[in-house]
Amino acid sequence: MKREQTIRAAVECVGVGLHSAAPVRMRILPAAAGSGIIFRRVDLDGFEVEATSRNVARVSYATSLMKKGVLISTTEHLLSAFIGTGIDNAIVELDNLELPILDGSARPFVELIQKAGIRKQRRPRTHLRICRELELREGNKFIAVYPSSTYSVSYTIDFPHPLIGRETFQVDLQDGNYLTDIAPARTFGSREDEQAMRNMGLIRGASRENCIVLTRKGIENPPLRFQDEFVRHKVLDLIGDLALLGKQILGNIVADRAGHAMHTALVSRLLRDRTLWEEATVEDEVHPAPSNVRVLAAQTA
Ligand SMILES: [Zn+2]
């Protein structure tokens, strides 16, 4: 049976926040089974904010958590790395309000977790197994989840730029594809929108070192890590936002031009309607078949 995991030893890094430009030191510590991911503001007497849907604050260009007025900003890339490396429990200490953006992808976080090492815990991991489909639409934006025995994502973007246009990326996370195909994909922004976004205080920490900078016809800081790096980064963000469910999903997510607000809307709709899913454990195999999924408790309406 698949079991929960945490890291073996504390690891840390320093950086700046993409939105705030605030310098920050981040430390990741092992945590007990069943505790989930907990952010801790060491600059505010160790105030703790759990990485769960009920603490979601503002979602526009990034996903932020807030509890009793204490903010944890831009959580999606680290939470994505935790899902991708199979970390269920960890404490994340920060001495400022925003996580470091580092290179704009989840790769530095994955490397940090690998450096710490992964420790299996005794408690069986409970997955959130989708039993019924849920589809959300908002104008031409769409996000849905369908029953499946693995966690897979299909994401489409349509971005009016010569290098992007309509791109779709599909991945089954059970196959261990996250580390090679998703984690290295960086966030992106366009030079044309830059001034407006800077004026709104949204990208004070942005630089050529932490995001792909789009110009009218191309990019300012080549090379791309993948020809379709843009849509892969959206998958990375989606996985990080869905981590706020507090459990790994067994389901197929389909998204078309969605964004942080729709990602987190899907999370809260799922958590509100217990007829859509059930808790299940998974046998510890590389490619779990449907028969390996064991339902723990049937949910009633
Ligand atoms: Zn992102």
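**Close-up views of a predicted model**

**View 1. Strand β4 and its two partners.** β4 and β9 run parallel and are joined by 5 bridges. This is a predicted model, so everything in these legends is computed from it. Along the β4–β9 pairing, look for Ile37, which stands opposite Ala90 in β9. On to the other partner: β4, made up of residues 37-41, runs antiparallel to β5, and 4 bridges hold that pair together. Here Phe39 has Val49 of β5 as its bridge partner. How covered is β4? Mostly: of its 5 residues, 4 are buried.

**View 2. The turn between β4 and β5.** These two strands make a hairpin, with 5 residues sitting between them. Pick out Asp45 in the turn, as its phi is positive, at about 55 degrees.

**View 3. The whole sheet around β4.** Pull back a little and you get an open sheet of 5 strands with mixed pairing, in the order β2-β3-β9-β4-β5. At the edges are β2 (11-16) and β5 (47-50), each of which pairs on one side only. From one strand to the next, the twist averages 25 degrees. As a reminder for anyone tracing the ladder, strands of a sheet pair through backbone hydrogen bonds, and they can do that parallel or antiparallel.

**View 4. Two helices against the sheet.** Helix α1 (residues 76-85) lies across three strands, namely β3 (23-30), β4 and β9 (90-94). Its direction is at about 145 degrees to β4. The other helix to find is α2, residues 107-116, which packs on the sheet and touches β2 and β3. Measure α2 against β2 and the two directions make about 160 degrees.

**View 5. A small closed space.** How many cavities of 30 Å³ or more does the structure hold? Just 1, and the largest cavity has a volume of about 40 Å³. Its lining is made by Thr74, His77, Leu78, Leu99, Pro100, Ile101 and Phe109. Sorted by class, that lining has 5 nonpolar and 2 polar residues, with no charged ones.

**View 6. The largest pocket.** This one has a volume of about 970 Å³. Which residues lie nearest the centre of the largest pocket? Tyr61, Phe188, Gly189, Met197 and Lys234 do, out of 37 that line it. The lining splits into 15 nonpolar, 11 polar and 11 charged residues. Several elements chip in with at least two residues each: α1, β14 (151-159), β16 (188-190), α4 (191-199), α5 (229-242) and α6 (260-272). The top contributor is α4, which gives 5 residues to the lining.

**View 7. His127 and its surroundings.** Find His127 in strand β11, residues 127-130. Is His127 buried or exposed? Buried, because its relative accessible area is 1%, and the cut-off for buried is under 20%. Leaving aside neighbours within four places in sequence, His127 is in contact with Lys2, Lys247, Gln248, Leu250, Glu278, Glu279, Ala280 and Val282.

How values were computed:
Residues are numbered from 1 along each chain as its sequence is written. This is a predicted model: local features need pLDDT of at least 70, side-chain atom pairs count only at pLDDT 80 or more; totals for chains, interfaces and linings use all residues. Side-chain values use heavy atoms; hydrogens and water are left out. Two strands pair if DSSP finds at least two bridges between them. Axes are lines fitted to C-alpha atoms, for helices over the stretch in contact, and angles run from 0 to 180 degrees between N-to-C directions. Contact means heavy atoms within 4.5 Å. On a 1 Å grid over the protein atoms alone, a cavity is a set of points where a 1.4 Å probe fits but cannot get out, and a pocket is an open set with protein on both sides within 12 Å along at least five of seven lines; lining residues have an atom within 4 Å of a point. Grid points are joined across faces, edges and corners, and a volume is the space filled by probe spheres set on the points. Ala, Val, Leu, Ile, Met, Phe, Trp, Tyr, Cys and Pro count as nonpolar, Asp, Glu, Lys and Arg as charged, and the others, Gly among them, as polar. Buried means under 20% relative accessible area, exposed over 50%, partly exposed in between (1.4 Å probe, protein chains only).
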